[in-house]
Amino acid sequence: MTDASTPLIVGGPAPSDARPDADLLQGLNGPQREAVTYRGQALLIVAGAGSGKTSVLTRRIASLLRTREAYPSQILAITFTNKAAGEMRERVHQLIGQKADGMWISTFHSACVRILRREAEQFGFTKAFTIYDSGDSRALIKRLVKEHEGDSFGLTPAGTQSRISKLKNELADAESYARSANMSDPAERVFVEIFSSYQRELQRANAFDFDDLIAQTVYLFRAFPQVADVYRKRFRHILVDEYQDTNHAQYALIHELTRPVGSDAEPFSVGGMMIFEADPSTGSGTEGGPASLTVVGDSDQSIYAFRGADIRNISEFERDYPGAKVVLLEQNYRSTQNILSAANAVIANNFDRKDKKLWTDVGAGDPIIGFTGYSQHDEAQFVADEIESLHRRGIDYSGMAVFYRTNSQSRALEEIFIRSAVPYKIMGGTKFYERAEIKDALAYLVAVANPADGMAVRRILNRPRRGIGDVTETAIARYAAEHGITFRDALANSAQLGVGPKLQKAIDQLDAVLTEATAVMLPASGELAPSTSVTEGLTLLLTKSGYFDALRASKDPQDEARLENLDELIAVTREFARNNPDGTVIDFLTEVTLVADADDLDDASGSVSLMTLHTAKGLEYDAVFLTGVEEDLLPHRISANEPGGPQEERRLFYVGITRARKRLHVSLAMTRAQFGEVTVAMPSRFLQEIPGDLIDWRQSPGDVNGRGGSQSRALNARGRRPGQPGGGGNRYGDDLVPLPKRAPADPSKFPNRIPAKVRDNGDMVLAAGDRIRHDDFGEGRVDAVTGEGAKRVAHVRFDTVGPKKLLVKIAPIAKL
DNA sequence: CTTTAGACATTTTTT
DNA sequence: ATGTCTAAAG
């Protein structure tokens, strides 16, 4: 196989000179080069954190194109998130320019949507199908659970939804599940009934849920081999990033695509081997041979087992694809040695893994900083102070990130950041597209784009309030069922519903608005809707339905924000039209459903990023703050019962550590308010796994728990245990035992407790030179005041705690 | 049909 | 502590 690179040189455009992709190999180490240049049927790149995996992947694609081994249209690159897909596209574009256009670089879900849209008619859907996000499918499942009285068998909507999702990820349907389930259990029977009616409803609504997008594509390929062959012929090079996070359905999809053309339902390994042995140069243009497959992954970063990711997909890759080449990337180009040593030490505690050690040649770097706060706000204040201090030393805000295990932890951080005037943005979190008003507006669009989708029509039926309630909704549904028409079409026959004249008029009006919008967005066949049609249609829907008026007339102060959100949505439609001149309503809805966040635009905007550890995967920052490193939070309490749970939590911690380039901070709080109650927290077991000499505790758990200062100083392990080489051991002594049972001290004594009500200093006038008193920080002198209006920020030098920034409007301060 | 008060669960992670 | 859901009143 070593001569696989020969055709690369011969086939290139510059035969006598250096290989045409020589520049692409510049600056790469040996294994990286091999990962770029290897040609063969299957390649597994085991890429440790920060080992330049994206660079290798993009250069590999660029190399395939540059050497004319592949047309762009023959390349399918799968990433995990839309953001990663965008980045990869961008980087390939940088390497080889325009030629990159025409590749499919997308997520599993987007790729499947593209395939399904083309083939929908093959199996009972139309091109206009819509996609149910988890909220939509939960709403449907909720209704079905109620209809089947699932609650009396212990079935909750949430539980049912997750079971269905898990089954779909295993490519099981209601029927196949029923065969293996214990059907003498009535609860199982009801579950199967709900599952199958859920599927029936989706089909009737001409809709797929997230899991269906993958699973149904697999079914499509299996049921229609000639359809599958179209894509097998087309995609000659398939590359999958984050392969350790693929679930069974995704794995099966890749398998289907990498079968030899015309192989029908033959077992892959047989067909694959035969072709592979007969003609090792398959892949580049050979008709009929299986596509070449490249997967990149790191089993130490597998953090999605809870939603069906199967680590075996990567660990058994060599068995699935006999003859596969494996390349290991272990040199790390991101972090300092101290950070890597901590990461290596932590992950080494996971048994059942191939030993792998990240290394770097950039030197030890700064020690890891540790801090233990009294409360979550105290911890947040440490983070804010440290961020300010780093910022003053020249690190850009956008180069810093704060990670946490659960979204709810962001609140305390936010509160402190606002008060300290630290610019931040929250990645993920409460999503724009999950807000009620946005979902309403989108439901209006769906009602027009996919009239078969009854859920969407039901949603907007009484939004804004039209006096149409449960009773009327049921009447319409019954009429639709009796006449075999859709819920949407039933609206047109309001006279026959047997409802009062007032209701009849309301229904007519809604029907008219929808019809009018349909004319705008989906003109009669043949005509192409102008690119402004989505913007126009949405504005029309929201205006003529009375949605805008209802919000404007409302007294609820939140409704003003809702109006702004809708304005933003309209702005999104404009942006969409600009980027997709031929984009239809359907395209818009697809993009909006599959692209969870649109917040990557302002990456360089100079704010600190806040996100969960899961969101952090694949990103890197100069300075990282890992917060809430406490038992029951990281590892999370719920993980304790799940098989492999604690190990997955450790990988999560590992992912967090390895995001840091230069500075890593780990912090925790001794008490944490949860469910409105203050609970005592214990340091995470993972902290013990970091060699003590790597952590410089500004304030260790022992300093805080108040059981004698000198003893607890032992926790500040730096330099105190010269005899210890820095691995394993009960370094913290008894500091990890639970905190004293006595109730935590009066919470009001804790620094930085956030008052329930927001303080408002109104237009307090401050100027440089003023002296002030702060509730927590004591007295200080104002150095400068910057910003305008409500965003005025005072830069204060406090006598005891040093310089801080405060948001003047809400800071607990008084002028002296 | 809408409003309201109180019960209730929620906090693991995401396409 | 906060937001969602349910039941009863208007």
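This report walks through a predicted model of a protein with two DNA strands, taking the DNA contacts, one helix and a few backbone oddities in turn.

**DNA strand B**

Let's start with DNA strand B, which has 31 residues around it. The closest are F306, R405, G469, H636 and I638. On the DNA side, sugar and phosphate make up 54% of the strand B atoms that come within 4 Å of the protein. On the protein side, the surface near strand B splits into 10 nonpolar, 16 polar and 5 charged residues.

Two helices, α21 (470-483) and α28 (613-616), each put at least two residues into that surface. The biggest share comes from α21, with 3 residues.

Some individual polar contacts to strand B are worth pulling up on your screen. They're listed here by protein residue, with the atom on each side.

| Protein residue and atom | Atom of DNA strand B | Distance |
|---|---|---|
| R307, side-chain N or O | base oxygen | 2.8 Å |
| G469, backbone N or O | phosphate oxygen | 2.6 Å |
| H636, polar side-chain atom | phosphate oxygen | 3.4 Å |

So R307 uses its side chain to approach a base oxygen, while G469 meets a phosphate oxygen through its backbone. H636 also has a phosphate oxygen as its partner, and here a polar side-chain atom does the job.

**DNA strand C**

Now for DNA strand C. The residues around this strand are K142, R411, F675 and G676. Sugar and phosphate account for 62% of the strand C atoms within 4 Å of the protein. By type, the surface near strand C has 1 nonpolar, 1 polar and 2 charged residues.

**Helix α23**

Helix α23 covers residues 501-521, which makes 21 residues. From first C-alpha to last, α23 reaches 30 Å, close to the 30 Å expected at 1.5 Å a residue. Its buried residues are L503, A506, I507, L510, D511, V513, L514, A517 and M521. Why do these residues end up on the same side of α23? They cover an arc of only 155° around the axis, and that puts them on the same side. The general rule behind this is that an α-helix has 3.6 residues a turn, so residues three or four places apart point the same way.

What do the buried residues of α23 pack against? Their partners are α19 (436-449), α20 (454-461), α21, α22 (487-490), α24 (533-544) and α27 (585-594). One of those partners, α21, is also the helix that gives the most to the surface near DNA strand B. Turned away from the buried side of α23 is a face with the exposed residues P501, K505 and A519.

**Backbone oddities**

A couple of prolines come with cis peptide bonds. The bond from R463 to P464 is cis, with omega near 0°, and P464 sits in the loop between α20 and α21. L634 and P635 are also joined by a cis bond, with omega about 5°. You'll find P635 in the loop between β13 (621-626) and α29 (645-657).

There are also two non-glycine residues with positive phi. R68 has a phi of about 60° and lies in the loop between α3 (53-66) and β2 (75-79). N206 has a phi of about 55° and belongs to the loop between α9 (186-204) and β5 (207-209). Are they buried or exposed? R68 counts as exposed, at 61% relative accessibility, whereas N206 is buried, with a relative accessible area of 5%.

Terms used
Residues numbered from 1 in each chain as written. Chains lettered and ligands numbered in written order. Predicted model: local features only at pLDDT ≥ 70, side-chain atom pairs only at ≥ 80, totals over all residues. Heavy atoms only, no water. Near = heavy atom within 4 Å. Nonpolar A, V, L, I, M, F, W, Y, C, P; charged D, E, K, R; others polar. Polar contact = N/O pair within 3.5 Å; in protein donor to acceptor, adjacent residues only side chain to side chain. Helix = DSSP H or I, 4+ residues; strand = E, 2+ residues; numbered from the N terminus. Expected span 1.5 Å × (residues − 1). Buried < 20%, exposed > 50% of the residue type's maximum accessible area, 1.4 Å probe, protein only. Arc of directions from axis to C-beta. Contact = heavy atoms within 4.5 Å.
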